[in-house]
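Here is a set of questions and answers on one chain. Look at the sequence and the model first, then read on.

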Amino acid sequence: MALHDSSRSAGLSPRLSSLLIILAGCCWGTTGLFVRNLTAAGLSSQQISMMRTVFSFLIFLVIVLIKDPKLLRIQWRDIWCFLGTGVCSLTFFNVCYFTTINLTSLSTAAVLLYTEPAILMLLSAPLFHEKLTGRKITALLLTLCGCVFVTGVLTDAPALTVGGILTGLGAGFGYALYSVFSRYAFNRGYDSLTINVYTFLFSTLSLLPFCRPGALFGMMADGSMPWLVCFLQALASTVLPYLLYTIGLKAVDNGPASIMASTEPVVATILSVTVLQEPMTWMSALGVVLVIGAIVLLNVEKKPKKA
């Protein structure tokens with residue numbers, strides 16, 4: 001209804017929106033490079049996440065103030081949409097994901113996180129009346145298999161615990177909630193910039209208890225905080241992809257959007273091979289092909305039925 005009307009008025013076609021979502025996934029795929037650098041600088045996972053949300057909020061705020069300060073206006077009755085994207089999605093996802101990494105292996109955490117497209121499809125069917133077509137289900141299965149192969153979880157033989165599985169699924173659930181609450185905000189007429197600036201404001205505030213702020217202030221005081229890397233991480237792997245993804249949601253259903261954004265592990269794998277000189281196995285290569293195949297499947301035009 002309103003979402004598709006707004007996309008037409010903004011000149012966004014489903015094909016262009018799909019491209020924006022795919023590009024968003026590619027940008028998210030660069031996150032690992034920044035995390036490696038910031039970890040080497042002495043920041044914990046929670047502190048990296050905190051700096052990411054703080055800088056992202058500030059960048060979005062500057063963009064809104066330059067473009068149109070009126071975009072900061074929201075109705076109090078709609079604040080739950082932004083608490084949903086910021087706290088229920090972004091913060092909940094981060095806490096669950098980092099906990100899963102500690103309880104299992106990195107590859108297992110990544111696979112559990114990428115249950116998100118399946119969770120989102122199941123949520124979107126009753127909430128937004130999105131149809132579960134054969135094409136969507138096939139693309140979903142290709143994506144899940146692709147992520148399993150890309151992360152190498154089959155060869156890692158990780159020790160699975162009930163707690164690790166639950167927090168991993170929680171991360172996938174939190175990840176899915178961003179699309180759900182963003183669509184509710186769109187239905188209420190909010191701009192993508194408004195959604196993102198409040199998403200990162202509320203996420204920043206709710207992450208404070210988890211990031212040891214005293215240690216962060218200590219790094220700022222002694223000059224060891226890598227400000228440039230923090231800024232570039234926020235700009236390249238957070239602000240740009242969240243903006244592209246949120247705009248793309250205007251003309252693409254939640255389920256297909258989450259699958260198309262699965263270019264993230266593909267790009268992460270390619271960067272690990274080309275930049276970090278890590279080896280690529282045949283399983284990783286197969287995973288890349290499967291994820292790309294799922295995206296192509298979702299974007300192939302249907303032939304009209306003959307009368």
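Q: Among contacts between residues at least 6 apart in sequence, what share joins residues at least 24 apart?
A: The model is predicted. The pool holds contacts in the chain between residues at least 6 apart in sequence. Of these, the share that joins residues at least 24 apart is 88%.

Q: How many helices and how many strands does the secondary structure of the chain come to?
A: Both kinds of element were looked for along the chain. The tally is zero strands and 16 helices.

Q: What radius of gyration does the chain have, and does it agree or disagree with a compact globule?
A: The chain has 307 residues. A compact globule with that number of residues would have a radius near 19 Å. The chain agrees, because its radius of gyration is 19 Å.

Q: What box do the C-alpha atoms of the chain fill?
A: The box is taken along the principal axes. Its dimensions are roughly 75 × 50 × 35 Å.

Q: What percentage of the residues in the chain is buried?
A: A residue counts as buried under 20% relative accessible area. Of the 307 residues, the buried ones make up 52%.

Q: What part of the exposed area of the chain do carbon and sulfur atoms supply?
A: The chain exposes about 14300 Å². The part supplied by carbon and sulfur atoms is 71%.

Q: How far apart are the mean positions of the positive and negative charges?
A: The chain has 19 positive and 12 negative charges. Take the mean position of each set. The two means are apart by 9 Å.

Q: Which residue forms a salt bridge with D78?
A: The closest N and O atoms of the pair are 3.4 Å apart, and the cut-off is 4 Å. D78 sits in the loop between α4 and α5, and its partner lies 110 residues away, in the loop between α10 and α11. That partner is R188.

Q: Is D78 buried or exposed?
A: The limit for buried is under 20% relative accessible area. D78 has 7%, so D78 is buried.

Q: Which residue forms a salt bridge with K136?
A: The closest N and O atoms are 3.6 Å apart. K136 is in helix α8, while the partner is in the loop between α13 and α14, 117 residues apart from K136. The partner is D253.

Q: What is the relative accessibility of D253?
A: K136, the other member of the pair, is buried at 10%. D253 counts as partly exposed, because its relative accessibility is 27%.

Definitions and conventions:
Residues numbered from 1 in each chain as written. Predicted model: local features only at pLDDT ≥ 70, side-chain atom pairs only at ≥ 80, totals over all residues. Heavy atoms only, no water. Helix = DSSP H or I, 4+ residues; strand = E, 2+ residues; numbered from the N terminus. Rg over C-alpha atoms; globule rule 2.2 N^0.38 Å. Buried < 20%, exposed > 50% of the residue type's maximum accessible area, 1.4 Å probe, protein only. Contact = heavy atoms within 4.5 Å. Areas by Shrake-Rupley, 256 points an atom, 1.4 Å probe, with all protein chains shown as cover. Lys, Arg positive; Asp, Glu negative; His and termini not counted. Charge placed at Lys NZ, Arg CZ, Asp CG, Glu CD. Salt bridge = Lys/Arg side-chain N within 4 Å of Asp/Glu carboxyl O.
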